Amino acid sequence: MAKVMPKRRLENIGLTITGACVALVALVVLTLIFMVAQQGLTTFFVDGFDPIAFLTGTHWIPEQDMYGALPMIVGSFSVTLLSTIIALPIALGSAMFVVEVAPGFGTRVFQPLVELLVGIPSVVYGVLGLYVVNAAMRAIFGAAAGTGAGILSGSIVLAVMILPTVTTLSIDALRAVPNEYREGSYALGCTRWQTVWHVVLKSATPSIMTAVILGMTRAFGETLAVQMVIGGVERNMPTGLLSPASTLTATLTSGLNNAVSGTEFYHALWSLGLILLVMSLVFILIIHLIGRKGAKQHG
């Protein structure tokens, strides 16, 4: 007859395994933060660059030892914000259609189609943007668009890439609103649109904001697709939505291939990575603050 392990011992083993997993994840996160911070801060504490000048400099020319990160920061925030502005109305409209208008068709057909977009590789989006979006920019704006590569082209491609994320999370947010809210609104004589706009969306606002921030995080960290359509120009500040530019991630991926370990250029690239890390932590903090505020509002 097999010997049965005592419950207390089994619980202790389970606690030990789960605790070890938590400690491992925490160790990995702290190690990554330490490594990026150590390399990124070397630019300022060892190489002697002024942090303010680095963040506000408008020229990134490694050949002349000019490391101004502002063009990439502006490029990253421009494509992130513009892509969110483009994707958010479409995502909200799609979510309302799936949950409030045609839940049967939306759940069985539309939502799976939207979720298929998540599995498409970034390089495919980049190729489509390179040959379709950039060509459309040249056809619409003519000589003003140049080759078609620019902030607007990158924003359109990113909007398509973050659309399934924002749409799916918005659908979950609307579904989480209790039906009692809708029934109470209809009982007061409100129409479907009034109920959706003033009751459902208002109740789901914290969760929808979380979806938006997650979409922005995805857009902020995207590399390959943006690099193919934005132009990759980091030497000077972008002058408009149609001008070629670069992002933090695009500059990192293109620069690390040619950077020699231990040089000022190498450390400057790590400083760009540190900026990305800080912004990611800020996005995560915002998500937690929004979630905490939503939990307080709903008890």
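**Entry 1: Pro178 and the helices around it**

I began with Pro178, which sits in the loop joining α6 and α7, and since this is a predicted model, I treat what I note here as read from a prediction. I looked up whether Pro178 is buried or exposed. The relative accessibility of Pro178 is 34%, so I wrote it down as partly exposed. I then looked for a residue lying across from Pro178 in space, and I noted Val200, which is 22 residues away in sequence, while the two C-alpha atoms are 8.8 Å apart.

From the loop I moved on to helix α7, which covers residues 179-187, and helix α8, which covers residues 192-221. Their axes come within 10 Å and cross at roughly 145 degrees, and the crossing is right-handed. On the α7 side I listed Tyr181, Arg182, Ser185 and Tyr186, and on the α8 side Arg192, Thr195, Val199, Val200 and Ser203. Sorted by class, this contact of α7 with α8 holds four nonpolar, three polar and two charged residues.

**Entry 2: α6 against α8**

Next I asked at what angle helix α6, residues 151-175, packs with α8. The angle is about 150 degrees, and the axes are 8 Å apart. Angles over 145 degrees count as roughly antiparallel, and therefore I recorded α6 and α8 as roughly antiparallel to each other. The crossing of α6 and α8 is right-handed.

I then went through the residues that meet here, and from α6 I noted Leu158, Met161, Ile162, Thr165, Val166, Leu169, Ser170, Ala173 and Leu174. Their partners in α8 include Val200, Leu201, Ala204, Ser207 and Ile208, and further along Ala211, Leu214, Gly215, Arg218 and Ala219. By class, the contact of α6 with α8 has 14 nonpolar, four polar and one charged residues. Val200, which I had met in the contact of α7 with α8, appears again in the contact of α6 with α8.

**Entry 3: α4 against α6**

I stayed with α6 and turned to helix α4, residues 103-116, whose axis comes within 8 Å of that of α6 and crosses it at roughly 140 degrees. Which residues make the contact? In α4 they are Thr107, Gln111, Val114 and Glu115, and in α6 they are Pro164, Thr167, Thr168, Ile171 and Arg175. Counted by class, the contact of α4 with α6 divides into three nonpolar, four polar and two charged residues.

**Entry 4: three single residues**

I looked up Thr80, which belongs to helix α3, residues 70-101. Why does Thr80 count as buried? The relative accessible area of Thr80 is 1%, and the cut-off for buried is under 20%, so Thr80 falls in that class. Leaving aside residues up to four places away in sequence, I found Thr80 touching Met216, Ala219 and Phe220. Ala219 is also one of the α8 residues that meet α6.

His288 is in helix α11, residues 264-297, and with a relative accessible area of 52% His288 is exposed. I noted that the C-alpha atoms of His288 and Thr210 are separated by 8.5 Å, although the two residues are 78 apart along the chain.

Asp65 caught my attention in the loop between β1, residues 60-61, and β2, residues 66-67. The phi angle of Asp65 is near 55 degrees, which is a positive value in a residue other than glycine. I recorded Asp65 as partly exposed, at a relative accessible area of 46%.

**Entry 5: the whole chain and the UniProt record**

Stepping back, I counted eleven helices and two strands in the chain, and from the N terminus the order starts with two helices, continues with the two strands, and then goes on in helices to the end. Of the 299 residues, 40% are buried, and the C-alpha trace spans about 70 × 65 × 40 Å along its principal axes. Among contacts between residues at least 6 apart in sequence, 71% join residues at least 24 apart.

I also checked the UniProt record, an unreviewed entry, which annotates residues 73-287 as "domain: ABC transmembrane type-1". In the model that span is 77% helix and 0% strand, and its end C-alpha atoms lie 21 Å apart. The same record places the feature "transmembrane region" at several stretches, including residues 73-97 and 140-163. Residues 73-97 are 100% helix, with end C-alpha atoms 36 Å apart, whereas residues 140-163 are 62% helix, with end C-alpha atoms 24 Å apart.

Methods. Residues numbered from 1 in each chain as written. Predicted model: local features only at pLDDT ≥ 70, side-chain atom pairs only at ≥ 80, totals over all residues. Heavy atoms only, no water. Helix = DSSP H or I, 4+ residues; strand = E, 2+ residues; numbered from the N terminus. Buried < 20%, exposed > 50% of the residue type's maximum accessible area, 1.4 Å probe, protein only. Contact = heavy atoms within 4.5 Å. Axes fitted to C-alpha atoms, helices over the stretch in contact; angles between N-to-C directions. Left-handed = near helix turned anticlockwise from the far one by under 90°. Nonpolar A, V, L, I, M, F, W, Y, C, P; charged D, E, K, R; others polar. UniProt positions renumbered as here; feature names shortened; annotations may be inferred. Parallel < 35°, antiparallel > 145°, perpendicular 65-115°, else oblique.
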